Amino acid sequence: MTELNGMTDTFTLNNGVEIPVVGFGTWQTPDGDVAQKSVEAAIAAGYRHIDTAAMYGNEETVGAGIHASGIKRDELFVTTKLNNNAHSFDLSQQAIDTSLTKLGLDYVDLYLIHWPNPVSARDSYPDSLADTWRGMEAIYKAGKARAIGISNFRQAHLDVITATGSVMPAVNQIFLNPSDLQPEVTAMNDKNKILNEAYSPLGTGKLLSDARLATVAGHYGKSVAQVLLRWSLQHGFLPLAKSVHEDRIRQNTELFDFSISAEDMKTLDGLRGVAGLATNPDTTTW
Ligand SMILES: NC(=O)C1=CN([C@@H]2O[C@H](COP(=O)(O)OP(=O)(O)OC[C@H]3O[C@@H](n4cnc5c(N)ncnc54)[C@H](OP(=O)(O)O)[C@@H]3O)[C@@H](O)[C@H]2O)C=CC1
Ligand SMILES: O=C[C@H](O)[C@@H](O)[C@@H](O)[C@H](O)C(=O)O
């Protein structure tokens, strides 16, 4: 993308759907008041994109936060994910209906397969995965999701679904921050016009105390969190930041009044392995 102006900026997915360039994460956000209030706070702060999952156990109260915010449905982009234990055509059809009921929505904007190779279905992989993608396509065609995609997928997994599928995933949501740029996965996504969504953009908080990141943030009078999110955007990745604190939620939207220099981008790109973080390289157990 060439210009970054604000939270309502969008990337265009490979099926033409517009997706707001920053998303609000809800993994480990406790179900109940905390989820409802943090989602409301995120929408009030300007977020127009919420990321949840059946696995997070908070779809009901994330949905309550969406409704309490008073935002119009077509001004909000909502993602949820197929649970790890729901890998089959039939289970995927049941799972989307359950998620929609919990969220109180008629459709989601994006529905993702959470992991390619759930432990419970490992024996039947890759058949279960091809079958699940067929289920995702049916969900898309029924209008229950405006776009469908994948998460934690590498080449071998993508090959399974493209061998029999007819819809290319719109998104691959992956672990992506300066501790791990995942060059092979992002190249695969780029080649197939699959958007790179950056999960754990703050390393689930573990990157925030790194001294080298603090030095770079100091160049801009910004927090480390803001620099990490801006780094994602400047790479063309869509960051999903989670917080349950109103001040941080707001802070994480203030990303459009500065730009990281090419030199500092290089420094950040060189931080591989920082804070001991890296992605599981074992493609067979994903
Ligand atoms: N598809 C997948 O398999 C996965 C998807 N995800 C998605 O990505 C989202 C983000 O990733 P996640 O791993 O949750 O973590 P993040 O990288 O977003 O980091 C969140 C942590 O950082 C803290 N934090 C957030 N903003 C600030 C700030 N400005 N200053 C100081 N601390 C801050 C939060 O604390 P606090 O909340 O207390 O403010 C929390 O501890 C998830 O919530 C989920 O939606 C994540 C993992 C896997
Ligand atoms: O979306 C969240 C993530 O998938 C998270 O639930 C997993 O990474 C989990 O901690 C695991 O160890 O498998």
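**Two ligands and the largest pocket of a predicted model**

Colleague: Which residues surround ligand 1, and how many are there?

Modeller: Ligand 1 is surrounded by 29 residues, with Asp51, Ser200, Lys242, Ser243 and Arg248 the closest. A residue is counted if one of its heavy atoms lies within 4 Å of the molecule. The model is predicted, with local features requiring pLDDT of at least 70 and side-chain atom pairs pLDDT 80 or more, while totals for chains, interfaces and linings use all residues. Residues are numbered from 1 along each chain as its sequence is written, chains are lettered from A and ligands numbered from 1 in the order written, and side-chain values use heavy atoms, without hydrogens and water.

Colleague: What makes the pairing of Asp51 with ligand 1 a polar contact?

Modeller: The term requires a pair of N or O atoms within 3.5 Å; within protein, one must be able to donate a hydrogen and the other to accept it, and residues adjacent in sequence count only if both atoms are side-chain atoms. A polar side-chain atom of Asp51 lies 2.7 Å from an oxygen atom of ligand 1, so the pair qualifies. The side chain of Ser243 has an N or O atom 2.6 Å from a ligand 1 oxygen, and a backbone N or O atom of Gly205 lies 3.4 Å from an oxygen of ligand 1. Taken alone, ligand 1 exposes 900 Å², of which the protein buries 89% (Shrake-Rupley areas, 1.4 Å probe).

Colleague: Why is ligand 1 said to sit in the largest pocket?

Modeller: Ligand 1 is assigned to the largest pocket because more than half of its atoms lie within 2 Å of the grid points. A pocket is an open set of points on a 1 Å grid over the protein atoms alone, with protein on both sides within 12 Å along at least five of seven lines; lining residues have an atom within 4 Å of a point. The volume of the largest pocket is about 700 Å³, and 30 residues line it, with Trp27, Gln28, Ser200, Thr204 and Lys242 nearest its centre.

Colleague: Which elements give two or more residues to the lining of the largest pocket?

Modeller: They are β10 and α9, and β10 gives the largest share, 3 residues. Helices (H or I, at least four residues) and strands (E, at least two) are DSSP runs numbered from the N terminus.

Colleague: Which residues are around ligand 2, and which space does ligand 2 take?

Modeller: Trp27, Met55, Tyr56, His114 and Trp115 are around ligand 2, and the space taken is the largest pocket.

Colleague: What makes Tyr56 a polar contact of ligand 2?

Modeller: An N or O atom in the side chain of Tyr56 is 2.5 Å from an oxygen atom of ligand 2, which therefore satisfies the cut-off. For His114 the distance from a polar side-chain atom to a ligand 2 oxygen is 2.8 Å; for the Trp115 side chain, the N or O atom is 3.0 Å from an oxygen of ligand 2. Ligand 2 alone exposes 340 Å², and the protein buries 60% of that.

Technical notes:
1 Å grid on protein atoms, 1.4 Å probe; cavity = no way out; pocket = protein on both sides within 12 Å on 5 of 7 lines; lining within 4 Å. Points joined across faces, edges and corners; volume = space filled by probe spheres on them.
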